[in-house]
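Colleague: I would like a close look at the enclosed space inside this protein, and then at what surrounds it. Please take me through it slowly, with the cut-offs behind each term.

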Amino acid sequence: MCGIVGLLIKNPALRDSLGALTVPMLIGMAERGPDSAGLAVFTQPIAESDRKYSLYSGTTVVDWGQLAQALHQQLGGTAQIHTQGNHGILSASLSPAVVKPWIHEHYPAVHILSTGRTIDLYKDEGQPAAVAERYGFSRLKGTHVVAHTRMATESAVTPAHAHPFTAGEDFCLVHNGSLSNPYSIRRMLEPRGIHFDTDNDTEAACRYLEWRMQEGDDLKSALQKGFEELDGFFTFLMGTQDTLALVRDAFACKPAIVAETDDYVAIASEFRSLAHLPDIDHATLYEPAPEEMYVWTVS
Amino acid sequence: MNSTTKITPFDLTTVSLREVNHYLHHQVSSGDQVDILHPNGIHNLAVGLQEAIAVDIHGHTGYYAAGMNQQASVTIHGNAGAGVAENMMSGRVHVKGFASVSAGASAQGGLLVINGDAGLRCGISLKGADIVVGGSVGSFSAFMAQAGRMVICGDAGDALGDSLYEAVLYVRGTIKSLGADAQIEPMTESDQAIVANLLEQAGLSYDPTDFQRVASARQLYHWNADAKQDY
């Protein structure tokens, strides 16, 4: 069991409240996932040439300011960092091909959780309410959010195994369910040069779908191939730079419910996570059908 | 409503689920009416009721609402989560909105009415209750249903009635596919009377002659050693 949560704000006036609206949704799914929680928030894109990197240092104390300064001095370009405890959001006018190896070499204790122009990502062990408090989720602003509460069933409880998982740039995925063929997916992808950070089944789905998009598929084509290749039970919620996407397996074993109003699209594993949302009594509510694609775009 | 009816309102934003369920189990008498406000998707609401009371729930319920019901009449003025009226023994559960997966699972008696659609596995392992769905049902509905009747006013998804025993299904719309051993049979006058009666009880007005009957071909009842891997 896990809890998934998503919110896409249609009304620009509500975008400053994205985090405040999301936190009760996340905490509402705490019973479905009490061991870890995470959230990816999509903001207005930064400059075309720049990239944001969400960094996590675990129990290692990192001088984030020094990291940004050293990066700037050694590689040039601009580098700024926004920190929240053991997480840092580094913005730099340098490509991932340069920044990632440099961080791995000079700060081996730092994990790169996400890369892109819009995505900021936080995830950690602990009760969802504690994780939300630790990283100030209620203050987050943006266009859409993908969040997750985890109850580990198939791999270890560590921050790295928490969701969302990411691959490539500005792409993340959260999952409720379990896959039965993650290792065959992995054996197909690794010879193609795709690196895995964990042994988690969700990571296989995330990297598979992102690989399909790298190969030229649009999101819907990638998801269609996912229905054919990814075996198991799943409700997947994905975020890209400007979309939220939701799919369930053919047996719809794992729950999901959608609420749409003029102001937002909200998704959760159960309605109780949506009950507090503004004007929910007038929302259009429905359960997504098995093997159907639901994609909402930021306007 | 007669003058002796006791109406008790509960607001789940101010009263705990445990208090409400305790009241429904221990402090009601036959004929009482209880109104419940703001269920907000809470699980296990109005479960295991044993008295002939009326319970009106104003809003959406979470998992297993009105499960194991006996005698009570529970109306959900909203949508129901997974497993509504699961293992109902008698009485009536009425969902005004849609019901999530496994509605009426293993229900042994009574009537479950769903005005909207029902999700997958509606009436799975049905053991004697009647289910009337005003909308459509999802795939694998009535899987291994053993006794009882389902009236489906809309469409049915894949594998309807897979491995049916003696339950009978009546479908007004299209059936995406039948499950193993389920077959469409002629509607008799008796079938039409059953459908008319259940529709009337559910407050729905459709023409009983528009329905098809689905029942078991009974080919799975006996082990056929010659069939080998045929099924």
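Which residues line the largest cavity?

Modeller: This is a predicted model, in which local features need pLDDT of at least 70 and side-chain atom pairs count only at pLDDT 80 or more, while totals for chains, interfaces and linings use all residues. Residues are numbered from 1 along each chain as its sequence is written, chains are lettered from A and ligands numbered from 1 in the order in which they are written, and side-chain values use heavy atoms, with hydrogens and water left out.

Rolling a probe the size of a water molecule over the atoms shows where empty space is left. Here, on a 1 Å grid over the protein atoms alone, a cavity is a set of points where a 1.4 Å probe fits but cannot get out, a pocket is an open set with protein on both sides within 12 Å along at least five of seven lines, and lining residues have an atom within 4 Å of a point. Grid points are joined across faces, edges and corners, and a volume is the space filled by probe spheres set on the points.

The model has two cavities of 30 Å³ or more, and the largest has a volume of about 70 Å³. Its lining consists of C2(A), the run R150(A), M151(A), A152(A), T153(A) and E154(A), then H163(A), H175(A) and G177(A), and finally N200(A), D201(A) and T202(A). Two elements of chain A, β10 (171–179) and α6 (201–214), give two or more residues each to this lining; helices (H or I, at least four residues) and strands (E, at least two) are DSSP runs numbered from the N terminus. By class, the lining has three nonpolar, six polar and three charged residues, where Ala, Val, Leu, Ile, Met, Phe, Trp, Tyr, Cys and Pro count as nonpolar, Asp, Glu, Lys and Arg as charged, and the others, Gly among them, as polar.

One of these lining residues, H163(A), also takes part in a backbone feature, since a cis peptide bond with omega of about 0° joins H163(A) to P164(A). P164(A) itself is found in the loop between β8 (144–150) and β9 of chain A.

N200(A) and D201(A) line the second largest cavity as well. That cavity has a volume of about 40 Å³, and the other residues along its wall are P182(A), Y183(A), R186(A), F196(A), T198(A), D199(A) and A204(A). The elements that supply two or more residues are α5 (182–189) and α6 of chain A, with α5(A) giving the most, namely three. Its lining divides into four nonpolar, two polar and three charged residues.

α6 of chain A also supplies at least two residues to the lining of the largest pocket, as do α3 (96–106), β6 (111–116) and β9 (165–166). This pocket has a volume of about 780 Å³, and 28 residues line it, with I112(A), T166(A), H195(A), D197(A) and R207(A) lying nearest its centre. By class, the pocket lining has 12 nonpolar, 10 polar and six charged residues.

The second largest pocket, with a volume of about 560 Å³, takes us to residues from both chains, for among the 23 that line it P288(A), A289(A), P290(A), L120(B) and G138(B) are the closest to its centre. The lining of this second pocket has 12 nonpolar, five polar and six charged residues.

As for the two chains themselves, 15 residues of chain A are in contact, meaning heavy atoms within 4.5 Å, with 12 residues of chain B.
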